[in-house]
Amino acid sequence: MYKFFKDQLNHKINNHNLRTLKEYCPIEAVRVKRDDKEYLMMASNNYLGLTFDPRVIEGAVKGAQQYGTGSGGSRLVSGTFPLFTELENELAKFKNTEKALVFNTGYMANVGTISAIADKNTIIFSDALNHASIIDGCRLSKATIKAYSHCEVEELKFLIKQVDRSARKLIVTDGVFSMDGDIAPLDKLYELSREYNALLMVDDAHATGTIGNGHGTAPYFGLEKEIDIQLGTLSKSLGSVGGYVAANSTIVDYLVNTSRSFIFSTALSPADIGAALAALQIIDSDASVLERLQDNVGYMSDRLNAMGIYATSDTPIFPILIGKNEDTLAVSNYLYEAGIIGTAIRPPTVPVGESRIRLTVTAAHSKEQIDYVCQTLHTAIKELS
Ligand code: PMP
């Protein structure tokens, strides 16, 4: 009975592509401990470094003290406590939309939203490098999926032109691409969506807190009110866990009534929502946090450039393209031995032959730490050749 699974795992081992869980003990936003040794975290999405911010911790603690540890039920049955209403109102304001709806994870928000708004009569146009949760949502919807090459607007135009004008259509894209750190051409996608009568959905998981003054891809392009569906997570810049959709009332009310990942799962806990609410308030009230992140992104970009490592970025995600799995693991291990967590990202997360170290910088890193990481990475890459 187990032979199939063992063979599959052995195949992964032979391809240097086995995944294993590693335990890290967080001691600060960017410092972790493992086996009594300290490491610098360069692989998390905690972009604003808010996971240890006393204001966010207080939000979590107060949430639990006031409303208990668990929500006890799904949102529609008994799990909507007052912090939910407050957070959803704040998210709608933050994203300039009529309403917002919190899901349990960003993954569930994508899967639950796309599978609810698209059906077998819909045609979905999806960037080839969109996140797995978008891909899974598209598959679950049973819609016809037309993937266009990464950020290739002309190709998208060619594809969308061939489709019946009256057909229901959805264009969906990551705002900031999770493994490449580049920004989707949302302005051009928006033009196409209006010209060809398609809904436009952007996944701002990595854009919230990082671009558009922290408000994401739509304001980055000056399209504050134009995008039909903006999705995000509470689990990256907002230092908590959860996902959300911000859109007009029609879409949000429709999701409340039809989105299965929203309807059939117990609501997040008061601590999660309390933390997210506190983090959201920080983005708009404490400019120093965003400034520190922007400063660090620019600094790291310059340092890598100066060392001839082409990974400059406008976002905190620095993809260090290595290629082969075993080489990528070797660089990751070198970093690890030097006290840096820089995880090897391999297929299927990225295409075969494009394995990479995905380094992320946060508002909580110091310039000295960034210098150390860039220098160590430079040596690690030289050791390969
Ligand atoms: N969308 C994108 C682009 C992501 O990178 C991720 C998480 N890596 C998600 C959605 C899922 O969000 P969550 O982790 O909150 O489930």
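Which residue of E14 is the bridge partner of Ile317? In this predicted model, the answer is Thr360. That pair belongs to a bigger pattern: strand E11 (residues 317-323) and E14 are joined by six bridges and run antiparallel. On E14 there is also a link to strand E13 (residues 344-345), this time through two bridges, and again the two strands run antiparallel. Here Ile345 has Arg356 of E14 as its bridge partner. Put together, the three strands make an open sheet in the order E11-E14-E13, with antiparallel pairing. E11 and E13 are the edge strands; each has a single partner strand, so one side of each is left without a neighbour in the sheet. As a bit of background, strands in a sheet pair through backbone hydrogen bonds, and the pairing can be parallel or antiparallel.

How many of the six residues of strand E14 are buried? The count is six of six for this strand (residues 355-360), so E14 is largely enclosed by the rest of the structure. Side chains in a regular strand alternate between the two faces of the sheet. For E14, one side carries Ser355, Ile357 and Leu359, while Arg356, Arg358 and Thr360 sit on the other. Both faces are covered, and the residues on each are all buried. Thr360, the partner of Ile317, and Arg356, the partner of Ile345, are thus both on the list for that second side.

Next comes the ligand. There are 15 residues around it, and those that come nearest are Gly106, Asp203, His206, Ser235 and Lys236. Sorted by class, the shell consists of ten polar, three charged and two nonpolar residues. Helix H5 (residues 106-117) supplies the largest share of this shell, with three residues. Some of the contacts are made by the backbone: a polar backbone atom of Gly106 is 2.8 Å from an oxygen atom of the ligand, and for Tyr107 a backbone N or O atom lies 2.9 Å from a ligand oxygen. Ser235 uses its side chain instead, with an N or O atom there 2.8 Å from an oxygen atom of the ligand. As for cover, the ligand taken alone exposes 390 Å², and the protein buries 83% of that.

Is Ser237 buried or exposed? This serine is in the loop that runs between strand E9 (229-233) and strand E10 (243-247). With a relative accessible area of 1%, Ser237 falls under the 20% cut-off, so the residue counts as buried. Its side chain reaches the backbone oxygen of Thr208 at 2.8 Å. Leaving aside residues up to four places away in sequence, Ser237 touches Thr208, Gly209 and Thr210, along with Asn45, Tyr47, Leu48 and Leu50.

Phe264 tells another story. This residue is also in a loop, the one between helix H11 (260-263) and helix H12 (270-285). At 61% relative accessibility, Phe264 is over the 50% cut-off, so it counts as exposed. From C-alpha to C-alpha, Phe264 and Gly73 are 9.5 Å apart in space, although 191 residues separate them in sequence.

Terms used:
Residues are numbered from 1 along each chain as its sequence is written. This is a predicted model: local features need pLDDT of at least 70, side-chain atom pairs count only at pLDDT 80 or more; totals for chains, interfaces and linings use all residues. Side-chain values use heavy atoms; hydrogens and water are left out. A residue is near a molecule or strand if one of its heavy atoms lies within 4 Å of it. A polar contact is a pair of N or O atoms within 3.5 Å; within protein, one must be able to donate a hydrogen and the other to accept it, and residues adjacent in sequence count only if both atoms are side-chain atoms. Accessible areas come from the Shrake-Rupley method with a 1.4 Å probe; for residues, only the protein chains shown count as cover. Helices (H or I, at least four residues) and strands (E, at least two) are DSSP runs, numbered from the N terminus. Ala, Val, Leu, Ile, Met, Phe, Trp, Tyr, Cys and Pro count as nonpolar, Asp, Glu, Lys and Arg as charged, and the others, Gly among them, as polar. Buried means under 20% relative accessible area, exposed over 50%, partly exposed in between (1.4 Å probe, protein chains only). Contact means heavy atoms within 4.5 Å. Two strands pair if DSSP finds at least two bridges between them.
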